[in-house]
Amino acid sequence: GDYIESNGVEGTVYKIDIFYTSLKTVDNKSVKLPNGTLSNGNIINTSQEEYRLLILDFMVGYDAQISKVREVVLNLMERDEGVCKDRPQSVNIDKLNPGRVRLQAKAWVTNKEYWDVRYRMLEAIKEELPKQGISLF
């Protein structure tokens, strides 16, 4: 039942045999990974903890007022019912690129709501920032 990433493959573990571990991918493919490969490689378990940090990358122009971007995105996170309100949220500059600024919005969500919140927040950011006069790149 754990959702893992290993050797370039990710999915939900549904069977562990003596030689192979079977995963079901998000698009319903069955993948069999040799246990020897798993035991000698890295395994990322994204479902082990109850909460997961959601990190959203997006870009705005250099003319954007970062404090305004931060205010808008933090308000969007505050309004989303899937974002944990008792845990920190932030919006910060991640990188200065030629012609644009990359920002990261971070918020804690429950593991079971991770993807739903991710998709809702990306759509909300895409819709709201232009309404506030902030161009996305």
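## Close-up views of a predicted model

**View 1. The surroundings of T21 in the predicted model.** Leaving out residues up to four places away in sequence, T21 touches V13, K15, I16, V31, K32, L33, N35 and L38. T21 belongs to strand β3, which covers residues 20–24, and because its relative accessibility is 6%, T21 counts as buried. With one of the residues it touches, N35, T21 also shares a polar contact, in which the two side chains are joined at 2.6 Å.

**View 2. An open sheet of five strands.** The strands follow one another in the order β4-β3-β2-β1-β5, and their pairing is antiparallel. Strands β4 (30–34) and β5 (44–45) form the edges of this sheet, since each of them pairs on one side only. Within the sheet, strand β1 (residues 3–6) is paired with strand β2 (residues 9–16) over four bridges, again in the antiparallel sense. To follow one of these links by eye, begin at E5, whose bridge partner in β2 is E10.

**View 3. The cluster of rings formed by Y114, W115 and Y119.** A pair of aromatic rings is described by how far apart the centres lie and by the angle between the planes. Two aromatic pairs are counted in this model. In the pair of Y114 and W115, the ring centres are 5.0 Å apart and the planes stand at 90 degrees, so this pair is edge-to-face. W115 and Y119 form a tilted pair, with 5.8 Å from centre to centre and 35 degrees between the planes. Both W115 and Y119 lie in helix α3 (residues 114–131), where they are four residues apart, or about one turn of the helix. The members of the cluster can also be described by their accessibility: Y114 is buried, because its relative accessibility is 7%, W115 is partly exposed at 39%, and Y119 counts as exposed at 51%.

**View 4. Charged ends over the rings of Y114 and Y51.** The ring of Y114, which also belongs to the cluster with W115 and Y119, has the charged end of R52 sitting over it, 3.7 Å from the ring centre. In the other arrangement, the charged end of R87 sits over the ring of Y51, at 3.9 Å from the centre of that ring.

**View 5. The contacts of T110 in strand β8.** T110 lies in strand β8 and, because its relative accessibility is 17%, counts as buried. When neighbours within four places in sequence are left aside, T110 is in contact with E50, Y51, G82 and C84. One of these, Y51, is the residue whose ring lies beneath the charged end of R87.

**View 6. The largest nonpolar core and another core apart from it.** In soluble globular proteins, nonpolar side chains tend to be buried together. The largest nonpolar core here has 24 residues, of which F58, V60, V69, V73, M77, L103 and L129 touch the most other members. Two or more residues each come from β6 (51–60), α2 (66–79), β8 (100–110) and α3, and α2 gives the most, with six residues. V73 touches F58, V91, A105, M121, I125 and L129, again without counting residues up to four places away in sequence. Apart from this core lies another one of six residues, including V13, L23, V31 and L33.

Notes:
Residues numbered from 1 in each chain as written. Predicted model: local features only at pLDDT ≥ 70, side-chain atom pairs only at ≥ 80, totals over all residues. Heavy atoms only, no water. Phe/Tyr/Trp six-rings, centres within 6.5 Å; stacked < 30°, edge-to-face > 60°. Buried < 20%, exposed > 50% of the residue type's maximum accessible area, 1.4 Å probe, protein only. Lys NZ or Arg CZ within 6 Å of the ring centre and 35° of its normal. Core = buried A, V, L, I, M, F, W, Y, C linked by side-chain atoms within 4.5 Å. Contact = heavy atoms within 4.5 Å. Polar contact = N/O pair within 3.5 Å; in protein donor to acceptor, adjacent residues only side chain to side chain. Pairing = 2+ DSSP bridges.
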